[in-house]
Amino acid sequence: MSDLVCPKCECKTYYDMREQVAWCWRSGLIEIGDEMPADSPAGGGAIFVARGPKAFLKAELDVAARHGQGASAGKLIVPGVPEAESDEAAADALNVWLEWRSKGSWKKGIVYGSMK
């Protein structure tokens with residue numbers, strides 16, 4: 001079996017290997033797209049989380065992130081960030097999560113950011 005062939009469709013299509021990027025907001029909400037959004041003039045810009053192949057990025061984050069409940073159902077959230085009482089505590093929680101995700105061999109071409 002090869003990583004270039006889709007096991008679900010019996011080799012009739014290929015994985016989408018186009019690069020995508022993931023970012024989060026101060027609220028901890030993780031979003032994925034083709035490029036990061038521009039910073040707003042009032043501040044409050046997006047924080048880089050990871051980049052990698054579209055075929056694997058969402059699945060990787062889906063396993064590692066917390067799943068929203070209630071109004072944020074179906075959304076991915078960085079653990080510890082929404083509950084942080086200050087911006088510094090939120091940055092620390094994000095950094096711990098990013099360092100944890102940077103380790104290991106499961107990444108499949110995904111590169112995580114750092115708060116350092």
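Biologist: Which residues of helix H2 are buried?

Modeller: In this predicted model, the buried residues of H2 are Ala90, Ala93, Leu94, Asn95, Trp97, Leu98 and Arg101. Each is called buried because its relative accessible area is under 20%. These residues pack against S1, S2, S3, helix H1 (54-64) and strand S6 (111-112).

Biologist: How do you know that the span of H2 agrees with the expected one?

Modeller: Helix H2 covers residues 87-102, which is 16 residues. The expected span is 1.5 Å times one less than the number of residues, so H2 should span 22 Å. Its end C-alpha atoms are 22 Å apart, and therefore the two values agree.

Biologist: What makes Arg101 a charge over the ring of Trp100?

Modeller: Arg101 lies over the face of Trp100, at 4.4 Å from the ring centre. The distance criterion is met because the limit is 6 Å.

Biologist: What number of aromatic pairs does a search of the whole structure find?

Modeller: The search finds zero aromatic pairs. A pair would need ring centres within 6.5 Å, so no rings of Phe, Tyr and Trp meet that limit.

Biologist: Turning to the sheet, what is the order of its strands?

Modeller: The open sheet has six strands in the order S4-S5-S2-S1-S3-S6, with antiparallel pairing.

Biologist: Why are strand S4 (66-67) and S6 called edge strands?

Modeller: S4 and S6 are edge strands because each pairs on one side only. Helix H1 packs on this sheet, touching S1, S2, S3, S4, strand S5 (76-77) and S6. The direction of H1 makes about 130° with that of S3.

Biologist: How do you know that strand S1 pairs with strand S3?

Modeller: Two strands pair if there are at least two bridges between them. Six bridges join S1 to S3 (residues 47-53), so the condition is satisfied, and the two strands run antiparallel. One of the bridges links Ala22 with its partner Ala50 in S3.

Biologist: What makes S1 and strand S2 (residues 29-33) a pair as well?

Modeller: Four bridges join S1 to S2, again antiparallel, and the requirement of at least two is therefore met. In S2, Cys24 has Ile30 as its bridge partner, Trp23 has Glu31, and Ala22 stands opposite Ile32. S1 and S2 form a hairpin with four residues between them. Gly28, in the turn, has a positive phi of about 95°.

Biologist: How many bridges support the pairing of S2 and S5?

Modeller: S2 and S5 pair in the antiparallel sense over two bridges. The minimum is two, so this pairing qualifies. Ile30 stands opposite Leu76 in S5.

Biologist: Why is strand S1 (residues 19-24) described as mostly covered?

Modeller: Five of the six residues of S1 are buried. Those five count as buried because each has under 20% relative accessible area. In the protein chain, buried residues make up 32% of the 116 residues.

Biologist: In what order do the elements of the protein chain run from the N terminus on?

Modeller: They run β-β-β-α-β-β-α-β, and the secondary structure comes to two helices and six strands. Among contacts with a separation of 6 or more, residues 24 or more positions apart account for 51%.

Methods:
Residues numbered from 1 in each chain as written. Predicted model: local features only at pLDDT ≥ 70, side-chain atom pairs only at ≥ 80, totals over all residues. Heavy atoms only, no water. Buried < 20%, exposed > 50% of the residue type's maximum accessible area, 1.4 Å probe, protein only. Contact = heavy atoms within 4.5 Å. Axes fitted to C-alpha atoms, helices over the stretch in contact; angles between N-to-C directions. Phe/Tyr/Trp six-rings, centres within 6.5 Å; stacked < 30°, edge-to-face > 60°. Lys NZ or Arg CZ within 6 Å of the ring centre and 35° of its normal.
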